Amino acid sequence: MHFPRFPGASLAAGLALAAVSGSLAGWLALPGLPELLALAVLLALSAGRYRLVVLLLVMALTALAIGEARQAQLPEGLSRQDLRVKATVTRWQRDGSLARLRLAVADCRPLAAVRPACRDLGRVRVSWYDPPPLATGDVWSLTLRLRPPAGFANPHTFDYGAWLWREGIGATGYVRDAPPPRRLAAGKPGLRDAALAHLDRRIDDPLTRRWLGALTLGASERLTEADWALLNATGTTHVMVISGLHVGLVATLMLWLARGAARLVTPGRWRLAVWPWWAAAMAAVGYGGLAGLEPPTLRAMIMTLVGLWVASGRHAPGPWQGWWLALALVVAIDPLSLWRPGLWLSFTAVALLILAWQGRRRPAGWRGWCLALLRTQLLLSPLMAAAVLLAFGRLAPAAPLVNLLIVPLVGSLLVPLGLAGWAAAPVPPLASLCWQGFAWLAHGLQAALAAMADTVPLWEPPGWAIWPTALALILVTLLWALPGVTAAPRWLGSLTLAVLVVTLTPPDMAKGQLRLRVQDVGQGQLVELRTAHHRLLYDTGPRFRSGFMPLSTLWPAGQQFDAVIVSHGDRDHAGGVPALVAQHEVARWYSPLADRPSAAGGEADRQPCRAGRGWRWDGVRFRFLWPRGTPPDRPRNDRSCVLLVTAANGERALISGDATTAVEARLLDAVPEGVTVLVAGHHGSATSSSSAWVAATRPRQVVFSAGRDNPHGHPRPTVVRRYRRAGSCLWNTALDGAVTLWLGGAHAPALAVRRALPGGVESVEGGCHTVESPH
């Protein structure tokens, strides 16, 4: 069989760069891009530059795909509006009475007459409380209340909005009861669903079911939160989902079997046989299809196919040509993969392997292969740790040792036993024997991982330490991977970088300085206040109907707070108390007498917030202005703790919870003349921020802690206008994400303001923002 000669590295790199450039251009939605690309294609055709035409077409196709993905998102004008959709269930997971579904929308129309169209809406992620029996492939007519894809924007936290984008989800929301849901067609289970159902019938042990489904069928949705926590803590998530390891293993096994058969059939010419390579490629494609061809599986399959071509040596590209070609194919077929950390983890790892092994002799004997595996793992470990640290903000110190043991174990025993069980499915006793061996290994492996996670726990560094640590790890990798570097600079450089990382210290805060951060927690409130050596929370954010608490996403477990003030008992202010108690340590709690959180520590740790009570931390003064002996039968909002904080240079911050205009009227004689920062009362509701209060406080900066598209219309138009007329700078967590303000600089006024951006980045802001009310 004749193989076409690969045209060269320049075309492969050009295709990859064209695909990446087109995806980025489509994401930026550059004006006039389609016309510009069409003109460029015509000019290239007229000049006979056909290779350039191909590159431009690849760029245009990826840009178009990203543009379609943007169009498939819910229009802003339909946020929280009732929509009637016809949709197919593509994935679902049940958690008690709640089911989380991914739907492929085929038809969408708003129930209200005067609303934007939603016919382009694609995939959505919704919650369904107390749903009927569900199955993948079901077609339903549903009433949904959706919102455009977005998440909380807090520094150094998981970017949920970016995750929704790279998963291609155009809206999130929940299923409404009226008009009632109606099943239009029952789902027809595919091969993967039938295989998972077979597992449910044949295997009683939950751990074996979950791990077997994940390792052999790509059913990672079956893994529990405890499974993911254990895998994250040990840096082994890549071995539990379908990845290049699994697809490559299947292809390698098939290649060995086919080449063994070729040796028996044609002893003298078996090395020249082509069909074993095709058999390996078909095995990789078949296994990828069985696993559902989710983006990680698709990427692994493409990389394996290109790797087989490179390894065959039959008019094949070289390693770097294959690398560029695989990148081009993955991005061209799935342009959204450009925003998935897994893409860069995979290609960075392969690039390092090419760099480290190109030009070296092939290992000889089992000892040589073991040493090669050890060297490869040691080289990959720091680079993968840096990539995971940058992508997810965590680092598993035990990962190098654990992966050195677990990768061969999973690759040579666990996955082969699982696959052998499927191959022996027609002979149930033999399949049960294979899966029993899988179960023993799985339980042993889980126990070993748990012991390692307890011994060397997961490290989630503070935000300021992420980039310096990641850069040090990357430099260590380059020192040992680049050819021509001698041993002395490698060891000396590695030790120097290790010392620098170990001795990293957080940025100092001066005595008398205050950092106030109003976190983005949706429709609720959570304010973090820091001095040089102390830390306080005012309120703990909401708790949603599903049980989710935004506070649990803000910091890794084990934080220490010198004090927590729960302004009053409303769920949007006190909802995060259970997460705070379960995950962190609090030295002292403050709350109104009638709203003392029962979950918050012992009696000795809880004190009432009472007007006049105060303390001083690092030159910063804290003082309660309210309640003034408020009786328990007052409305809950009027029991809110009102806190005044004064920095060393006289700049002041005032937080009043949900205190109403009645409380504000009683505090007019207690508030100082001119407030630097005011967290607007009751999220900008009209029940707070009276004209007299605004005139008395005259705040320079006002922060509304409100949820995006909240149903209450916060902040209210009248309140926004009052603060505007007072000359205040206005901020809204629904629009700006977390807002951070620094008070108490060396020269007053020295107020600095930062706002959070998606991905945990903060931008410094100099002027005022104009905050609009949603109504």
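1. The largest cavity of this predicted model has a volume of about 30 Å³, where a cavity is a set of points on a 1 Å grid over the protein atoms alone at which a 1.4 Å probe fits but cannot get out. The volume is the space filled by probe spheres set on the points, which are joined across faces, edges and corners. A search of the whole structure finds 1 cavity of 30 Å³ or more.

2. Lining residues, those with an atom within 4 Å of a point, are R102, R123, E167, E294, P295 and R340 for the largest cavity. They divide into 1 nonpolar, no polar and 5 charged, with Asp, Glu, Lys and Arg counted as charged, Ala, Val, Leu, Ile, Met, Phe, Trp, Tyr, Cys and Pro as nonpolar, and the others, Gly among them, as polar.

3. In helix α2 (helices being DSSP runs of H or I, at least four residues, numbered from the N terminus), the buried residues, under 20% relative accessible area with a 1.4 Å probe and protein chains only, are L33, L37, V41 and A44. Seen down the axis of α2, the directions to their C-beta atoms fall within an arc of 70 degrees, so these residues line one face of the helix. The face turned away from that side carries E35, L36, L42, L43 and S46, which are exposed, meaning over 50%.

4. Just after α2, G48 takes a positive phi of about 75 degrees.

5. Residues are numbered from 1 along each chain as its sequence is written. Local features need pLDDT of at least 70 and side-chain atom pairs count only at pLDDT 80 or more, whereas totals for chains, interfaces and linings use all residues, and side-chain values use heavy atoms, with hydrogens and water left out.

Terms used:
Helix = DSSP H or I, 4+ residues; strand = E, 2+ residues; numbered from the N terminus. 1 Å grid on protein atoms, 1.4 Å probe; cavity = no way out; pocket = protein on both sides within 12 Å on 5 of 7 lines; lining within 4 Å.
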